[in-house]
Amino acid sequence: MNTISPAAAQAAAIERPAASARPTGFVHDTMTVFARESRPLVRDPFSVVFSLVQPLVFLGLFGPLLVGAAGGDVAATLQWFVPGILVMVALFGTASTGANLLFEMQTGSHERTLVAPLSRSALLVGRALKEVVPLVIQGTIVVLVAVPFGFRLDVPGLVVGLAVLAVFGIGFGALSYTLALACRNRDWMFWMVHQTLLFPLMILSGMLLPLEDGPDWMKVAAAVNPLSYLVAAERALLAGDLGSPAVIGGAIAAIATCAVGVFVGVRAMRRAS
């Protein structure tokens, strides 16, 4: 009769709970990664407030210049400018997320994550979902700061607008992670591509200055820039015009960015692992 040694029985007892504890399902894995990535945010909420410095500087210093150009109409200027600042928050907040992954790869933390019983798709999507939380918090704070100065808040429009930006942020954050995976051994290249692309995308979206009076080549570039459609959608939504065609265009741009970002990011994550 076959007998099992005490050492083998002990090893089997250790392995069985580990197998039964394995997460099942993409959604469960994604939520596990999301919870892990959100812990630093919960422990240090001031980082969310600190990252608002740049948008608020643009709002406080660039806004008065636009008011002067608009003939002194503060309320109308804020109604035009604040939605662009919301898109700026989504752009800058998610574009730099790949830097966190770079740090984890350089310290070996990412490699330890790869041995966890989690799907590679969930590792990327969970990380990207985490960026939605600070985006929503920061966007809400920017709008509330502008209200005392004459900005007219439409709550349903703000909710839909933040949802559209969240979808965009997931996709753009996934693209940032893809760039980090491609530059894992050359972090300087990540920041070079980051800075080279970010500011042209911002300027050619019309979030800071209107492009109607710009040269034709700028208008052509803006027409293929997804941020242009997001900015137009946010301006319509925050004005309460939820049925505007611009909203549909912005939603399509956000969904397309999300689909492309997640698809490319998941492929890069699987290849890297």
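This section describes the fold of a predicted model and the surroundings of selected residues.

The secondary structure of the predicted chain consists of 14 helices and zero strands. In sequence order the pattern is accordingly α-α-α-α-α-α-α-α-α-α-α-α-α-α. The chain has 273 residues, of which 43% count as buried. Among contacts with a separation of 6 or more, 78% join residues that lie 24 or more positions apart. The accessible surface of the chain amounts to about 14,000 Å², and carbon and sulfur atoms contribute 71% of that area.

Helix H10 spans residues 155–182. The distance from its first C-alpha to its last is 40 Å over 28 residues, close to the 40 Å expected at 1.5 Å a residue. The N-terminal end of H10 is capped by Asp154, a side-chain oxygen of which lies 2.8 Å from the backbone nitrogen of Gly157. Two residues of H10, Val159 and Phe172, were examined individually. Val159 is exposed because its relative accessible area is 53%, and the cut-off for exposure is over 50%. Phe172, by contrast, has a relative accessible area of 16% and is therefore buried, the limit for burial being under 20%.

The contacts of Phe172 reach well-separated parts of the sequence. Not counting residues up to four places away in sequence, Phe172 touches Leu91, Thr94, Ala95, Leu198, Leu201 and Thr257. For Leu91, the separation from Phe172 is 81 residues in sequence, and the C-alpha to C-alpha distance is 7.7 Å.

Ala95 also appears among the contacts of His194, a residue of helix H11 (residues 187–203). His194 counts as buried because its relative accessibility is 8%. With neighbours within four places in sequence left aside, His194 is in contact with Ala95, Ser96 and Leu179. In addition, the side chain of His194 makes a polar contact of 3.0 Å with the side chain of Gln195.

Val159 contributes to a nonpolar patch on the surface, together with Leu144, Val147, Leu153 and Val155. The accessible area of these residues together is about 410 Å². Val147, another member of the patch, is placed in the loop between helix H9 (132–146) and H10. Its relative accessibility is 32%, so Val147 counts as partly exposed; this class lies between the limits for buried and exposed residues. Along the chain, Val147 and Ala75 are 72 residues apart, and their C-alpha atoms are separated by 9.3 Å.

Helix H13 comprises residues 226–238. Its 13 residues reach 19 Å from the first C-alpha to the last, close to the 18 Å expected at 1.5 Å a residue. H13 is mostly covered, with ten of its 13 residues buried. The buried set consists of Leu227, Ser228, Leu230, Val231, Ala233, Glu234, Arg235, Ala236, Leu237 and Leu238. In an α-helix there are 3.6 residues a turn, so residues three or four places apart point the same way.

Within H13, Ser228 counts as buried because its relative accessibility is 14%. Ser228 touches Leu204, Ser205 and Ala222, not counting residues up to four places away in sequence. The C-alpha atoms of Ser228 and Leu204 are separated by 7.3 Å, and the two residues are 24 positions apart along the chain.

Beyond H13, Ala239 lies in the loop that leads to helix H14 (245–272). Ala239 has a relative accessibility of 52% and therefore counts as exposed. Ala239 and Leu158 are 81 residues apart in sequence, with a C-alpha to C-alpha distance of 8.9 Å. H13 is also followed by Gly240, whose phi is positive, near 90 degrees.

Technical notes:
Residues are numbered from 1 along each chain as its sequence is written. This is a predicted model: local features need pLDDT of at least 70, side-chain atom pairs count only at pLDDT 80 or more; totals for chains, interfaces and linings use all residues. Side-chain values use heavy atoms; hydrogens and water are left out. Helices (H or I, at least four residues) and strands (E, at least two) are DSSP runs, numbered from the N terminus. The expected span of a helix is 1.5 Å times one less than its number of residues. Buried means under 20% relative accessible area, exposed over 50%, partly exposed in between (1.4 Å probe, protein chains only). Patches are made of residues with over 30% relative accessible area and no salt bridge: like charges are joined within 9 Å, nonpolar side chains (Val, Leu, Ile, Met, Phe, Trp, Tyr) within 5 Å. Accessible areas come from the Shrake-Rupley method with a 1.4 Å probe; for residues, only the protein chains shown count as cover. A salt bridge is a side-chain nitrogen of Lys or Arg within 4 Å of a carboxyl oxygen of Asp or Glu. Contact means heavy atoms within 4.5 Å. A polar contact is a pair of N or O atoms within 3.5 Å; within protein, one must be able to donate a hydrogen and the other to accept it, and residues adjacent in sequence count only if both atoms are side-chain atoms.
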